[in-house]
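Colleague: I would like a close look at one part of this model, followed outward into its surroundings. Please take your time and keep the account connected.

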Amino acid sequence: MYRRLSTSSTSTLLKSYSLPINSKELKSKYLPKHRLSLINHETSIEKLQSSLFPSANIYIKRDDQLDSYASGNKLRKLEFLFADILSRSQCQHIITAGSLHSNHCKAVAVLAARFKKQAHILLRTDRDEHDEQILQGNVLLNYLLGSKLYLIPKKANIKDGIEPRMKQLEDKLGGKDKCYSIPIGGSDTVGLFGYLDCFINEIVPLIDKYNLGHLVLPVSSGGTMEGLVLGNYFTGNRLRIHAFAVSDNQNYFKTHFNTILHQLELDHLIEHINNNNLVNIIDSYVGLGYGRMTDEQISFLRTIISETGIIFDPVYTGKCLWGLHEELRTKKLDQYSNNNNKNILFLHTGGLLGLMNPDYGKQWLLSNNNHIQNWMKL
């Protein structure tokens with residue numbers, strides 16, 4: 001069941017924060033001082049019942065149900081990022097970036113409107129402002145929520161194409177005092193506490209209850225994976241974490257994680273990331289690239305949605321489930337862990353409105369399989 005974001009005042013929602021465990025490795029100066037209380041419930045756990053997974057015991061943590069805007073996993077990161085924003089009295093502008101139909105950007109737009117901040121969103125696309133298909137799905141919501149949208153090249157990379165534009169915009173709007181820049185996906189040393197906290201408070205209690213040995217999730221910007229991995233590490237590494245890349249490759253995510261660890265002065269963990277000891281990053285199922293699926297993957301996605309009644313998206317969860325299906329079918333997952341008699345927890349990170357991307361139209365029709373028929377004539 002979807003829940004609305006709490007409508008309490010900012011002063012009521014902004015809570016002091018302390019890490020729910022005592023870790024001597026994580027220095028107090030890096031811990032968030034506040035958390036914006038936007039999530040008022042733990043997300044449900046459902047067993048996956050599908051003919052596509054006949055022998056695996058897979059449980060789904062439904063983080064797609066965190067709020068009524070289908071923000072999914074983004075909301076957990078933004079509890080900490082917006083707490084930081086709201087603690088800065090002069091900050092009026094929020095700058096972020098993402099793909100055209102980014103769920104992260106939509107979530108930022110929702111919260112910016114709610115807390116009376118102006119959102120500035122850089123969107124990667126090959127469309128222009130005159131394209132009549134531009135205002136659909138998350139882009140339409142961003143527009144209606146009052147965000148200012150900036151279309152940038154679809155292939156713009158973070159370092160050379162996105163960060164310089166964000167800095168240029170920041171300077172134009174009055175500098176760091178008046179602006180707060182959130183990286184793609186909210187994946188930085190502040191945002192990662194969303195899932196570090198989630199792991200400790202919500203996932204650890206599930207391990208014995210459901211006999212869990214594996215945690216599976218999609219990875220794109222890295223912050224969700226990084227928070228979960230650190231949460232697992234600080235609580236004894238009881239789960240083997242498998243992160244299925246939906247874009248980029250292992251080296252990209254390891255480099256990003258290593259940078260985060262260095263910023264947190266956790267450099268002793270870098271070797272463990274590089275040796276796959278703390279997380280198994282699987283980049284074999286990126287396929288055609290970010291936000292693109294093969295016809296076979298689209299057919300898989302339609303089947304699992306129709307069999308379960310759970311909406312998975314083509315960008316993140318659908319591609320990740322496809323990868324998990326292939327790993328289990330070929331028994332590759334067995335080689336990654338001694339937890340072979342344990343069950344799997346799949347993190348559903350949301351992404352419902354990603355399905356509304358008009359670029360998928362032709363592929364949906366190809367997977368029609370006679371479910372749409374022309375009865376215009378009697």
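Colleague: Which residue in strand 6 is the bridge partner of threonine 96?

Modeller: The bridge partner of threonine 96 in strand 6 is isoleucine 121, and what follows should be read with the reminder that this is a predicted model. A second such pair joins glycine 98 to leucine 123 of strand 6. Both belong to the pairing of strand 5 (residues 93-99) with strand 6 (residues 118-125), which runs in the parallel sense over 7 bridges. Strand 5 is mostly covered, with 7 of its 7 residues buried, and helix 3 (residues 103-114) lies across strand 5 and strand 6, its direction making about 160° with that of strand 5.

The sheet to which these strands belong is open and has 4 strands, in the order 7-6-5-8, with parallel pairing. Its edges are strand 7 (148-153) and strand 8 (179-181), each of which pairs on one side only, while the twist from one strand to the next averages 25°. In general, the strands of a sheet pair through backbone hydrogen bonds, in either a parallel or an antiparallel sense.

Helix 2 (residues 74-86) is a useful place to continue. Leucine 81 lies in helix 2 and counts as buried because its relative accessible area is 0%, under the 20% cut-off. Leaving aside residues up to four places away in sequence, leucine 81 touches Tyr180, Ile182, Gly186, Asp188, Val190 and Gly191; of these, Tyr180 falls within the range of strand 8 (179-181). By contrast, the C-alpha atom of leucine 81 is separated by 38 Å from that of lysine 362, which is 281 residues apart from it along the chain.

Helix 2 also carries arginine 76, whose partner aspartate 63 sits in the loop between strand 4 and helix 2, 13 residues apart from it, so that the pair links distant parts of the chain. The two form a salt bridge in which the closest N and O atoms are 2.7 Å apart, and both arginine 76 and aspartate 63 are buried. This pair is part of a network of salt bridges that links Lys61, Asp63, Arg76 and Glu202.

Two members of that network lead to another sheet, since Lys61 falls within the range of strand 4 (58-62) and Glu202 within that of helix 6 (residues 193-209). That sheet is open and is formed by 6 strands in the order 3-4-12-9-10-11, with mixed pairing. Its edge strands are strand 3 (45-47) and strand 11 (280-282), each pairing on one side only, and here the twist averages 25° from one strand to the next. Helix 6 packs on this sheet, where it touches strand 3, strand 4, strand 9 and strand 12 (343-348), and its direction makes about 145° with that of strand 9. Strand 9 (residues 212-219) pairs in turn with strand 10 (residues 240-245), in the parallel sense and over 6 bridges, and one of the pairs places valine 219 opposite alanine 245 as its bridge partner in strand 10.

The structure holds 15 salt bridges, and two others deserve a place beside the buried pair. Lysine 27 forms a salt bridge with glutamate 265, the closest N and O atoms being 2.5 Å apart. It links distant parts of the chain, 238 residues apart, with lysine 27 in the loop between strand 1 (14-16) and strand 2 (34-36) and glutamate 265 in the loop between helix 8 (250-263) and helix 9 (270-274). Lysine 27 is partly exposed, at a relative accessible area of 37%, and glutamate 265 is also partly exposed, at 30%. In the other case, arginine 329 and glutamate 326 meet through their side chains in a salt bridge of 2.7 Å, N to O. Because they are 3 residues apart in helix 11 (residues 317-329), about one helical turn separates them. Arginine 329 counts as exposed, with 53% relative accessibility, whereas glutamate 326 is buried, with a relative accessible area of 12%.

On the surface, finally, Leu135, Leu140, Tyr143 and Leu144 form a nonpolar patch with about 380 Å² of accessible area together. Leucine 140, one of its members, lies in helix 4 (residues 137-144) and is partly exposed, with a relative accessible area of 31%.

Notes. Residues numbered from 1 in each chain as written. Predicted model: local features only at pLDDT ≥ 70, side-chain atom pairs only at ≥ 80, totals over all residues. Heavy atoms only, no water. Pairing = 2+ DSSP bridges. Axes fitted to C-alpha atoms, helices over the stretch in contact; angles between N-to-C directions. Contact = heavy atoms within 4.5 Å. Patch = residues over 30% accessible without salt bridge, like charges linked within 9 Å, V, L, I, M, F, W, Y side chains within 5 Å. Areas by Shrake-Rupley, 256 points an atom, 1.4 Å probe, with all protein chains shown as cover. Salt bridge = Lys/Arg side-chain N within 4 Å of Asp/Glu carboxyl O. Buried < 20%, exposed > 50% of the residue type's maximum accessible area, 1.4 Å probe, protein only.
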